[in-house]
Amino acid sequence: MVPTPRPAIADPALTRPDRLQDSGRDPRLLWLDKNENRDPAQLALVSRVMAEIDPQALASYPDSGALYRKLGRWVGVDPRCLVLTAGSDGAIRSVFEAYVAPGETVMITAPTFAMYPVYSRMYGAKVVQLTYRPSNRGPVLEGAEIVEAIAAHRPRLICLPNPDSPTGTVLPPDELRDVIAAAGEAGAVMLVDEAYHPFSDASAVSLIAEFPHLVVARTTAKAWGMAGLRIGYAVASPEMAAYLHKVRPMYECSTVAVAAFEAMLDHTREMAESVARLEAGKAAFLDAMERLGLRVLRGKGNFMHVAFGVHAEAVHAALADICYYRRDFAEPCLKGFSRFSSTTPELFRPVIDAIAAAVKGRVHA
Ligand SMILES: Cc1ncc(COP(=O)(O)O)c(C=O)c1O
């Protein structure tokens, strides 16, 4: 007989995608579907840094003290406030692992990063979902609504990506501060997920000193161009970081990831330049879509939304051999919008031309 796992894992509602169904993406197409970094110059920099990693690293367990100290200087916090993790996903999971007991309430947004509902189930939490409303400006969820919901439900943990994904929404700094303060008053842990920092440069990191219940999750997967290396970090008060260290694996991430991130921290200017190029590409793409009469959302993060409306079928057919992207969301707040990750103005050119041809009823050559 197959042993039954703990109840939350046995729950048939907890499902994960079948890895054997992964067929890989065609390297001839542009990959604009997973919000990775699609700036060739940044990827070339990461390749150069990787090529310089001492091959000894492959045979050795990681030694991450130097990275903690260097990262602390860059983030502007004591290294005791940091926990390295396997992507920001690892930081999120550590917060659940350390703080959420079965039956406790977790508050998440909807739609949001896919792992929030998964970890909520995995750790047996009751979920309160705050759903973004549709509006002319795109998805809306105000800080005051979150504050009210915190007071009503008194959750153990509140998870708020800022910017959120896939919505691209951000809370203004004063509203975010009110939400963090309300979480503290309710005795909750507040997780602000900054996976899209510095595409949105506002950050809650400076509030860590004031709010000991606040944890910020960040990643190297987006701006830094290192999604495949699976390295991110949590920033929190030294006391909270110490609890997160208690649930870390033997080694937080691989020796290669540690060495790569340490070296990449000498290239913060290049990372910022990559972000600027991707932001320029995003603006060029959205401007072109608007000139075609299409509705766009100018949210934050290295991604953007366009509604193709009556042209959807023609556009999807025209782009099938050009790029991957996320087609036609069904959630009410993003209904009919397709999402594209940012790339450079040059790489966006063929995408824009194909969409223009489809919208104008011409066949793309
Ligand atoms: C809001 C948000 N948080 C976390 C993640 C996970 O990122 P990572 O690759 O660092 O685990 C993503 C990935 O897309 C995301 O959109």
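This passage walks through a predicted model, from its seven-stranded sheet to the ligand site and on to a separate set of strands.

The sheet is open and mixed in its pairing, and its seven strands run in the order S2-S8-S7-S6-S5-S3-S4. Strand S2 (82-85) and strand S4 (126-131) sit at the edges, each with a pairing partner on one side only. From one strand to the next, the twist averages 20 degrees. Within this sheet, strand S5 (residues 157-161) and strand S6 (residues 189-193) pair up in the parallel sense, with five bridges between them. Pro 161 has Asp 193 of S6 standing opposite. Helix H7 (residues 173-185) is laid across S5, S6 and strand S7 (214-219), and its direction makes an angle of about 150 degrees with S6.

Asp 193 turns up again at the ligand, where it is among the closest of the 13 surrounding residues, along with Ser 88, Tyr 196, Thr 219 and Lys 222. The side chain of Asp 193 puts an N or O atom 2.6 Å from a nitrogen atom of the ligand. Thr 219 deals with an oxygen instead: one of its polar side-chain atoms is 2.4 Å from an oxygen atom of the ligand. For Lys 222, the distance from a side-chain N or O atom to a ligand oxygen is 2.7 Å.

Ser 88, another of the closest residues to the ligand, is one of the buried residues of helix H4. H4 spans residues 87-99, and its 13 residues reach 19 Å from the first C-alpha to the last, close to the 18 Å expected at 1.5 Å a residue. Most of H4 is covered, with 10 of the 13 residues buried. Among them are Gly 87, Asp 89 and Gly 90 towards the start of the listed residues, and Val 95, Phe 96 and Tyr 99 further along.

Further along the chain comes strand S10 (residues 303-307). Five of its five residues are buried, so S10 is largely enclosed by the rest of the structure. Phe 303, His 305 and Ala 307 point one way from the strand, while Met 304 and Val 306 point the other way, and all are buried. S10 pairs in the antiparallel sense with strand S9 (residues 295-297) over three bridges, and Leu 297 has His 305 as its bridge partner. The hairpin of S9 and S10 has five residues between the strands, and here Gly 301 adopts a positive phi near 105 degrees. S10 also pairs with strand S12 (residues 337-341), again in the antiparallel sense, this time over five bridges. There, Ala 307 is partnered by Phe 337 of S12.

Terms used. Residues are numbered from 1 along each chain as its sequence is written. This is a predicted model: local features need pLDDT of at least 70, side-chain atom pairs count only at pLDDT 80 or more; totals for chains, interfaces and linings use all residues. Side-chain values use heavy atoms; hydrogens and water are left out. Helices (H or I, at least four residues) and strands (E, at least two) are DSSP runs, numbered from the N terminus. The expected span of a helix is 1.5 Å times one less than its number of residues. Buried means under 20% relative accessible area, exposed over 50%, partly exposed in between (1.4 Å probe, protein chains only). Two strands pair if DSSP finds at least two bridges between them. Axes are lines fitted to C-alpha atoms, for helices over the stretch in contact, and angles run from 0 to 180 degrees between N-to-C directions. Contact means heavy atoms within 4.5 Å. A residue is near a molecule or strand if one of its heavy atoms lies within 4 Å of it. A polar contact is a pair of N or O atoms within 3.5 Å; within protein, one must be able to donate a hydrogen and the other to accept it, and residues adjacent in sequence count only if both atoms are side-chain atoms.
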